[in-house]
Each structure stands twice: as structure tokens, then as C-alpha cells.
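Dear colleague,

I am passing on the structure we spoke about, and below it I have set out what was found. Please read the notes with the structure open beside them.

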There are 4 protein chains.
Amino acid sequence: MVKGTSEKNTGRIRLGMVGGGQGAFIGAVHRLAARMDDHYEFVAGALSADPKKAKASGEELGLAKDRIYSDYAEMAKAEAARADGIEAVAIVTPNHLHVPVAKAFIAAGIHVICDKPLGISLKEAKSLETLLAKKKDLIFAFTHNYSAYPMIRQAKDMVASGVLGDIRVVQAEYPQDWLTTALEKSGQKQADWRTDPERSGAGGCVGDIGTHAHQLACFVSGLSVEELAAELTTFVKGRALDDNVQVMLRFKGGARGSIWTSQVAVGNENGMKLRVYGSKGGLEWKQEDPNYLWYTPYGEPKRLITRGGAGSMAPAARVTRVPPGHPEGYLEGFANIYTEAARAIKAKRAGKKQDKDVQFPGIADAVAGMAFIEACVKSSSKNGRWTKL
Amino acid sequence: MVKGTSEKNTGRIRLGMVGGGQGAFIGAVHRLAARMDDHYEFVAGALSADPKKAKASGEELGLAKDRIYSDYAEMAKAEAARADGIEAVAIVTPNHLHVPVAKAFIAAGIHVICDKPLGISLKEAKSLETLLAKKKDLIFAFTHNYSAYPMIRQAKDMVASGVLGDIRVVQAEYPQDWLTTALEKSGQKQADWRTDPERSGAGGCVGDIGTHAHQLACFVSGLSVEELAAELTTFVKGRALDDNVQVMLRFKGGARGSIWTSQVAVGNENGMKLRVYGSKGGLEWKQEDPNYLWYTPYGEPKRLITRGGAGSMAPAARVTRVPPGHPEGYLEGFANIYTEAARAIKAKRAGKKQDKDVQFPGIADAVAGMAFIEACVKSSSKNGRWTKL
Amino acid sequence: MVKGTSEKNTGRIRLGMVGGGQGAFIGAVHRLAARMDDHYEFVAGALSADPKKAKASGEELGLAKDRIYSDYAEMAKAEAARADGIEAVAIVTPNHLHVPVAKAFIAAGIHVICDKPLGISLKEAKSLETLLAKKKDLIFAFTHNYSAYPMIRQAKDMVASGVLGDIRVVQAEYPQDWLTTALEKSGQKQADWRTDPERSGAGGCVGDIGTHAHQLACFVSGLSVEELAAELTTFVKGRALDDNVQVMLRFKGGARGSIWTSQVAVGNENGMKLRVYGSKGGLEWKQEDPNYLWYTPYGEPKRLITRGGAGSMAPAARVTRVPPGHPEGYLEGFANIYTEAARAIKAKRAGKKQDKDVQFPGIADAVAGMAFIEACVKSSSKNGRWTKL
Amino acid sequence: MVKGTSEKNTGRIRLGMVGGGQGAFIGAVHRLAARMDDHYEFVAGALSADPKKAKASGEELGLAKDRIYSDYAEMAKAEAARADGIEAVAIVTPNHLHVPVAKAFIAAGIHVICDKPLGISLKEAKSLETLLAKKKDLIFAFTHNYSAYPMIRQAKDMVASGVLGDIRVVQAEYPQDWLTTALEKSGQKQADWRTDPERSGAGGCVGDIGTHAHQLACFVSGLSVEELAAELTTFVKGRALDDNVQVMLRFKGGARGSIWTSQVAVGNENGMKLRVYGSKGGLEWKQEDPNYLWYTPYGEPKRLITRGGAGSMAPAARVTRVPPGHPEGYLEGFANIYTEAARAIKAKRAGKKQDKDVQFPGIADAVAGMAFIEACVKSSSKNGRWTKL
């Protein structure tokens, strides 16, 4: 097996990175994800804006000295000028830099793989969308990694194929507990910037993980949110952003749903869960046990579909590496985004059309996420008024 | 073992029933619950308003001929007049009769054990509350049976003792799928009256099971809902009442929460779930696996407390019958209400004060449930406006 | 619902009990089980051999003074002589008295419901079998209660109907941890007699719970054990009987399997589990979550069949009381034995043939259990030699 | 995070591979595992003995033409002769070639990472052990990958630290269902060689997966098997090797246990499970949900320790990449073997002593596995006689 994600090595993609230096979390995840199926070669980076730290981080990771930068704009220019310059860049900075960095590399003709959310305002996100509309040759992949889990691909395909009938209810949740106390006051780097409006934007919990829940709900159901009513709460004294979020959803077409996301729900690590109910069947999935998908056809016993096992279909199989019963996890899901993006980039490189089965979140998901954050913040500030996206 | 629920037989309580004839569901549950710990003797009934059906039902259950009634008012009078008349009555009719029947028996000086919700309007419920305030010698037990599961008693006790710290978030849900199709059009008796506003009241799903979720959330957390924003939806064409309900909750004191309840969530049987998160710990419990209570002290591994097992405390032990690892279920939980009510009734009979550990839902829970239904219906009709209870 | 187990009250069966006085465990379980579906009336007992304790126990349970005995032989005679004497007796003493008591009541023409195992030797068990062979009018029910769980009935029916194909492997286990320490030295009553060869027989753990695993494996698979190889171990110093048991099984017809049972497996309460695999499908069931049955048809996704839910069939439905999603437990399973036995007893009373669907464990199961114990003890004493049953 | 497994790139190890060409399964797993933490560079291979297939496979994977071989002996020599020759070789052939290939590379002074089991006879395995004893400078890593799951490292550490007390019972099982039918007759490559004694050795199921269960039981408990009694069965007609295995175990020091492993247990994918019980506590772990470890201190509630979460300790943390709640899987566990071996190889390269925390299975595990297989086959052929290892 180790099927689906071909290792066929038709020339690795030269990859750079902005952000992700020592002490960061998500940068190393991106590097590992890029490496997993051997489609990328990591060759350049502005891993920190602090030159010393950028140097130390780059050297630790084996970058050539002349490809270690501390200024992303300089990096974009220098790499674009090299014959062996990077073909794609991974952006893993705090939120406020996502859009400026993306713009710099897009201007330099370099593909972008960007972490979420897309900056700190919807306006800013839309400006990138406008820019990208003019750059049809550039790939923009957005790492809503959860949507690349095999069983989520399967779930989306099942909904699209109609086995659930008309979708009626979509329940999404993403509880964590790591901000139960005022961790940001301890100097912990992740907590520090995530609770700071300057670097995180107007949403705290809603931006950091609420967007994942929103994207997953829409990705699987094939629906988009028409309007929402939200209640953002901050439980930890002195915190500047929300740490618990309730949202009621009205989807276009009449489905209803809700999102609950929290960073103070003690006992939850990364408890994202999605449940979709239609007139003919239901689906349930949990991020912490991602190799399982519960499917209930109405009036029949529940079925447990396993990744790669009986009942698992082509959309799951193509992003599956090992046989059923051998669990895959978060990194494999994340790597699927990189591998799908690699297929798109290689198609561009070869002047070919992208394979129709290739899929990864892009600018539309990114803009929708910012619209979701802003609608939540706005609704909550208006005492939960239903607010259009 | 078989501890907690003493079988000590100090004279069974003579019990009557209104409703619960052939074809009914909950009447037989009440009878079994009454029988379980041997505190009651079932001796009289107006099991149906239809005299033929009342007779057939009563005979099948072994009632003496002269104690089979079809008119509850007549039954109340006749039983009150007998030296061996019933001491308590179980009311298991459709909702619209709960209050009139209760009043008749209270007027006759007979204790009442009543199914939920308490009638079809808050006004009606309050009128009973007013009546009961003048009848201090009469017991009124309300069968919010889920609150009598041992691990729910334990959960309430843990919250009250402070091990969870300040309660911040309470998430309750109760999904079912039995009304996914227009079952009421098939003539199914349960579906028929539950979707009929005349007999069910203004709430469908919200009244039938939303009230259970609301009561459980409040019972365990020790909090009450200050205001709520609700979205009631009817998915099945032609249905007169809601079949899917989203509610956002603001509790007195600042906690937040939500209730989701549905009768069209395919794959769910009676999936009630409660999650309570405080500043120091969290609890999780599911009705379908009621012998387990998850408890997470912040910063420590999750613990699985089992009914009667290590970590299970006195409040659970007193309503536990068999050793840990031997599951108890729905009927045992239901029976706990009857047994606790029996203790209260026997105390009255003996002129003694009720033991301080005896607890069962009463008129306050019943009225709060009606207030919850009305607030949900009102909020939803005002496009989700926050509405005080 | 509350279907299956009819409450139809065509005259309760008058029931007596031997054993089960104050401080006992299983006696109260039997009484509750008898009461659950209202088929029995508990009217007489020799609840203890100690007259004082017998009296106190009987009075606490509301027995008439003249029907409280301390000598079971006297009770058998006296009750047989009364016009309103008991029709059936429940035997809930320590093991060594099971056979003598059963014989006394059988001689008196009284039906017997007996706890397991059947005494302390195979020889003794067979002597009762011989006696019963001559008393065709008497019912002998043996409380292998686990075999009366609805999903176990369903499992048996599925195997019998051939959906699993030829049975190949049967894995049974029953781990507990309550004898991890030398509890018997503390004077705990249950531990005391269960670890005493005089009252328990030659098997400790193997007799107390191994017999349940053996009976369940055979009941569901429809197979019988041809020979076995066993390893009995005693881990707690000073204990006279085994507390951990490994058995390899060869079934008639070629299937293989194993039983593991332990009283020192820390973290297990009553973790009985049964797994049956055939050429076309597999089944899995756990006592602690008895409302679920996993069924996997080969090459298809696993299915979770719930008690009373879709996929649950008639054999489960007839011993089911409440709708799916409302859990039933140990007591309901136990009560099913009493209710099925009541149907058989009432058929005898009415001179009718027993309904073909009525089933409960009887003398054959009881004798097979003793044969299992003796074969295990013998095999283990011969260094694990394969031993025929 | 992405801690533990440092990415520090102090010069990748040049890696070759024997076996693992097109159509193989485990070769791709090894390559991915080697790549995950960026410690290796895959540069040469004899991916097939068939020159055409070797060429096609090597080219697909981007190997230089002059480093694609079809003869492993030639490869060993040629690579040893190059200045940039491989430093380590991964052996992923069918079983019968494991030892000859290993010997060839060891003779050439190249480190070996070898799949299991170690050949087809204990004698052959021991001959390699003898050879390695003379080659202290060469690393031999054996991919019992399950032992490198973080929670297994944690479990081993907990047992070693004494929190479980004296180990009494070790229950291991590894059921699969992929050989339920005569798949080998369909030409499926994996089934073909695994059921062929010439290429698999004398054990079928017992060698393929029984060895994993045996190694895991010993690795975690810290015990070794003194003697065993086994029953090997072949259920599928015409199959040459066992497909279901029962083993009773006596460990040195008095602990008892069992292993059940099957390839015909319908509904099981890779259901390896380990349970260890001591005088003070118990542990339970399942391969399919590897991020969870159940720990029960005697007399306290069960605790669910999650990978990286509270209660998870240093031995788990050092082989953990992402935060708790973000699942890791089979590939990450497999990669841990490669990463630990890389640390050992880099230490050799640097002339340094291997860090004391580095651990991976080696020749002793490999030889013990062959001894286990041979003892099982022998015991079974002697009608289950207890047989020393």
C-alpha cells in the first residue's frame, strides 16, 4: 500500500519558509508535512525577523548560509532572482503577517502555502483575493489541514453523492483547554500572540480554532453559512480576546447548525468533532480518532467505516498511506495538503491541467474564514443579532 | 450490595395511575419503576378515558374491578373516600392533562408523581405551584428521571463541593432520530400527540426532550438560566411543531452554554449528553452509557469514574443497587425517583421529617421547565432575541 | 414499548428463597429480578441457617412470621403442605448447599431457580440431573444471567441462522480485580466463602466466573467444548484457590478458542467479553456495555447493533423493556431468567406446552459448568494436559 | 513542539534498501519512516531481484542509475567501495532473505535496519547474533515498530519504575482478518509469500504477527518467557501455515499470560492489544488507538493518559512530535525506530557514546522472536506440551 500519495519523484519542489524559527510550533509541522511524501526540498527561509535567531534556526535546519534571511521581502526578491530559487513558500508567521508576506511572494511569482487564518481582517483577506485573481498561474494553498484527513474526504464525498439526502443539521465543535489559566502572562509564546489582538486579529478562540470548525462544516456539508448569531465570551480575567464561543448557524438552503469552540473546556485537548445529519442518514467524526467515520443510514445499524477499510472509498484512498488498522494521524492529514498542492504545482510546472481529483483549501476558504470571524465578532457585539456573512 | 435503595418493607404505598393504558409507553415504565424497590403496590387506575380500553388495560394488570376508572376526577373522589384508597397517583397522560389531573388528586389529598413537562403553558404550571404552596403535606414528584442516575447525582455533588471551581461552560444536548420522517402521519400513537400543539403545548422537540436537557444542565451545575436565544426549526414538511432546536444560554452568575436537541438527527437514539467545565476541572456524561462519569482535574489525566467504583461517592452510592461493572440503566434511574419519593411519602405517613439526603425533582423544576419552553418559543419567534426566563 | 416481557398478570407465582439474608449480595438481586416483571410474589424464606438472622432478615423483607424458616428441609416440607405454599424456590446459598437444597425442594414438588455453579463436584451435579430426569413436571432454572441479555440472545440467534458461517474462533474472558489483595482475611463475607474450597468447591476464580464465560461461549456459539488445556494460578499469598485462569479450548467440530478469567486484573470490574468469529462474519460483546453488539460481515464495515434498534431482531426484542438508547443493565438481564422461567412455570400450572421461544439455562448448562470446572482443575494439575470434558 | 525527535541536521545518513520494489508494502513504510525526521537520505537500492523491476522501481524513486542494483551482494560490495557509499541499509525482503542480506552488509561494514522476523530459523538468527558479537561498531536495528509508539515507551517506563508493583498477568493479542479466505490463491503478493513456508519459515500467523505480540509483551513488562504451551491452527483449507494461534505463557519470575493472534478473526484489522496487570496497578493499550494509555492504580479510578498530555512522561515525550490531542500513528511509531537508530549511528560516526535514552529493538529481540516462533511450532506439534524457549 502506502498508496494514494505517490512517492514518484519527478523532481522535488524547492520550498522556502517564512516564520517557524526556534520556539515556534507550526513551522516544524509544515516542514515535516512537506517532507512526508518527498515532493519538496526545503532550501531557504526567513525563519525569524530577528537576524540572530533566523541564523541559528536556519543553520540548525541545514540551510545554506546565503539562503537564510531575516527579512521576508528581501527573501522574496533574492529567491526570485536565483536560477535555483524557491518555487513555493510556506507562511507560518503569526496572523498579522500572513497577507503582507503572501503578497510579497506572489509579486515575486512564487507559489504560496499559507497557514490560517488569512490575516487580521476581512478587508485584508479580500485584497489578497483580488491580487490572486490576476495571478492565475500561481497556486495558493491554505492549510485547513483537518479537511485533508482521509475520512473527511470520504465524508464530503458521501454527502456530495447524496447518500445522506438533504442536509438538515450540521454540528461542529472544537474544544481545547490549554488557555484555562492566564498562560499568556507566563510568557508562553503560543499563548502570547494568540491572545493579542494586534497579532491575532479581532478573534481569539474564534479565529484560532473556530475557523477550523467553520471550514470543516462547510467543506463536508457542501453548504455555506448565510447568517449566524454568536456569543463570544472571555472567562480568564485580563485576557483581551474571546476564549469561548457559541454560534448558531443558518446555512444557505435552510440547514441549521451550531459551532461551539472553547479554549477553557477542561479535559479537552483538540476535541474537534463534526456531525452532519440529512434526511436519509448521518455522519460523525472526531479529530482525535480520525481513522473512524460513523455512518448511519436511516433505519439501519450504525456503521463504522475505517480509513482504508471496507466502505472506505476512492476519495479517502488517494490520501491514505498505510492499510486499515494502522492509524494515520495529524501529520499525515497535514501532509495531504502539501502533497495535493505539490500535484497542482507540478502540473503548473509541466504546463498541464491540474488533475480533477486534486483538492486543497484555497483563497475562497481563506476569505470565508475571515468573513466568519468578522460576522461572529460583529454579532456578539450586537448582543447576538443574526448577522449575514 | 443492592445497597442504597433499601428494600425494607415498612408497608407499601398504595399507588394509582392516570393514563398508561394499552399502547402507551411511559405508563409501563412508571409501573416498573414503582415496583423495582418494592415501595409501592399498584391498586387503582384510570388508564384510559375510553371506558372499554380502561377496563381491558386494568384487568390485564390485575386491578380489582371496582378500582378501574375511566374518569380521573371520579377516581380521585372514589379513592379518597376509601379507607384503603390510594396514597399516591402517577400521572402519565399526554401533556395537556398533567395539570388538571394533578389538581384533582391534590384536592383529594393524594400525593402526586407526574411525568413531564408540566402541562402546556407556564401559566397553567404556575397555577399548580400556587395550589401546592398551600398543601405542604402533599408530595409532588416530577419524573425528570435522568437526574436520578447515580453518576448524575455524583456529578452534582462534585460541582457543589467545588472540585470543578467556578462553572464557566455547560453544554447539553439530546439528539434523537425517531421523527426523521413524518411518523405522525402513520398513526403511531407517540408521534401523534407529541407533534400536536393541542396535546403537547407550544413546544415539540423542545418540550419533549429539550426540557430534560435543560433540567439536567441546571441540576448538575447548580445554576439557573438567566436568558436564552433560541432557534426552533421544523424540518419535516407538514409537522406542526419544532423538531430541531438550538439554544444559547446565559446562566446567572456569568456561565455560558448551549443546548442542542433534535428528533431528526439520524443515528441518534437517546443521545443525551452533558458536559460541565469549571475553572478547575471538567465533567462529561452520556445517558446511553450512564454508568460512567468522566472527570478531568485541570492539568491531570482524565479519570473514568464508574458507578459504585473507586471515586464514586455517597450521593451515587445511595441510589446504586449492584456492584461496579454490573451496569444499571434507564429503569433503575427512573426507579430512583419513585424510591426517593417513597421515602418522602413514608416520612409524611410517619409524621417524620424527610431525610436530608432524599432528593427528587419537584414543582420548582416543573415550573422552570415550562419557563424554558416558553422562552425558547418566544425567542425563536423574535428571530433569536435574547429572552429572560 | 416495555414490550417483550409481558406484565400480564395471570396470577403471580408464589416464591420462596433459601439463603440471601442480611449481608448477602446475590439474594437481593434474585428478589429484584423476580419482582421486575411482576410474575412472582415473595412469600417465604430460609434466609439464613442462623435462626436470629433468618428472623431479622425475613421480617425486614415483610415475610409472614410463620413463613420465616432457618432450616431449608423444614421449609420445603412445610411449604409443600400448605394450600398456599410456594410454587418455586430460589436457591442463593454458597455453592456447597446448592444441590442438597435443590433436592429437598424437588422432592417436595417445588420448582427450582438456582444460582451457579451447581455445587462443588460434577458427581453431585450429575446426581441432581438424574433426579430431575424423573421429575419432568418440575422446572429447574439456572441463573447464568449473562445469557439472558437481549444482545446475547440476538448473538446466539445470528450464529444459529448462519450469518457468521462456520464458527472458527471463540474468545471469552472475564477479568475482575476485587481479589487483588487478600480480601478474604479482612472478613469480607463474599471473599471469605468464595476462596474456601469447602464452600466453593475445587475451583475459585474458575468456578465463580470462569463458568459464566464458558456458558456464554457455548450458549452463543452453539458449540460444546471437547477438550481443554488449563493453567490455574494463585497470585495472592495464602489464598487456597485459583485467582487467575488461562484455558485453551478445542470445540467439537474443530473450532478453537480460549478463556481468560482473573480476579486480580487491576482495573477490571466485571469485564466479561465474548468474541465469536466465523468464516463469514464476527461478533463482539461486552457485559459492561451490554446494549451494544458489534457485527462485522466479512468485507463490510463493522455495524453496531443496539438493543431494540435497527438490526436488532425478535430474540432480543422479546426480552427488551425500553426503547433503544435507553440502556438496560444487569438486573434486567437477570430478570429475564426469572420471567422466562415464569412463563415455563405458568405453562406447567395451566397444563400447557411451554412456548417454543421461551428459553433459560437449565440442568444441562449446570452440569456442563461443573464438568468445565473439573476439567480445568484436572488439566492444570497435570501441567496443562489436554483434558476431555 | 514537534519536540523529542530533533530535526537537527548534522548531516543525513546515506541509506540503501534491499527489497521494497513496486508492489511491496513495507518498503515504502521504511522509506517514509526514514524520511520523517530528516535523518536519512535514500541513495541506493536493490529493490528487486528482477533487474527490470529493480530498475523501474529505483527510477521511480529518483535513485541515480549507477546505484540501482538487482543483486544485494553486488550492492553491498559496490557501496562499500564508494566514498559516498551508504552508511546503513534497510532490509525489507521476504523473511528467508533477512539473514543472508544482513550478513552481506555487515561484512561490508554497513549498519543494518532489518524487518522482522529474523529469517526462517532460530539457528540462522543465532548465526547472525554470533557475527554481530564480533562487530561492535555496527548498529543492528530491528523494526519491531510497535514498541516505539510513545505510549508503549511510557508503559515500559511505568512498569520499570514499579508503579504497577509485581507483574502478575500479561495478556497480548493481535487479531487480523485479511486471510479469512484463501487470498494467497488469488496471487496477492503479501498473502502469497506469507503463507509459503519456504519464504516465511515454519510459522505463518505466529511469525508474522505473533512475534510482534510477544516482543511487545516482553518489552513493556520487562519479563521474558520461560516456557509456553501453544495451539497452532489452520482454518483455511489448503493453507500451508497456521492462521490462528493460542499460546499460554509462563514468564520467568512467575507471571502468567497469553497470546492470541489470528488472521481469520473477521472484523479485526490490526487489533493488537496489550494488557499488563501487577499487584498495584494495571495498564491497557491498543495499537489502533495508540495515543491513549489506560492506567489504573489499584483502588482508584481508571486514568486515560494521552500522548504528550498530563501524566505522559519523558520516555514518551522524546518520541512525540505534536501536541496532545493531535493524533500520531503507525508511521510516526515506525519512524521512531529510524530516528533512534539514527542517533546511535550518528554517535558511532562521531565516535561518541550512544545517549543512554536511545533505545530500539536489536539482535536480542530478533533472536528471542525466532525462539518464540520455534517454541510455538514445537509445542503445538507435541499437542501443546509446555516448551522452554
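For the comparison of chains, copies are superposed by least squares on the C-alpha atoms of residues with pLDDT of at least 70 in both. This is a predicted model, in which local features need pLDDT of at least 70 and side-chain atom pairs count only at pLDDT 80 or more, while totals for chains, interfaces and linings use all residues. Residues are numbered from 1 along each chain as its sequence is written, and chains are lettered from A and ligands numbered from 1 in the order in which they are written.

A turn of 180 degrees, with a shift of 0.0 Å along the axis, lays chain A on chain D with an RMSD of 0.0 Å, and that is the relation of a two-fold axis. Among the residues of chain A, the one that comes closest to the rotation axis is Gly329(A), at 2.6 Å (C-alpha).

Within chain A, domain 1 covers 13-145 + 356-360 and domain 2 covers 149-320 + 367-388, the bounds coming from an automatic or database domain assignment. Taken over C-alpha atoms, the centres of these two domains of chain A are 26 Å apart. Their contact (C-beta atoms, placed from the backbone, within 7 Å) takes 17 residues from domain 1 of chain A and 18 residues from domain 2 of chain A.

Between chain C and chain D, the contact takes 30 residues from each of the two chains.

Best wishes
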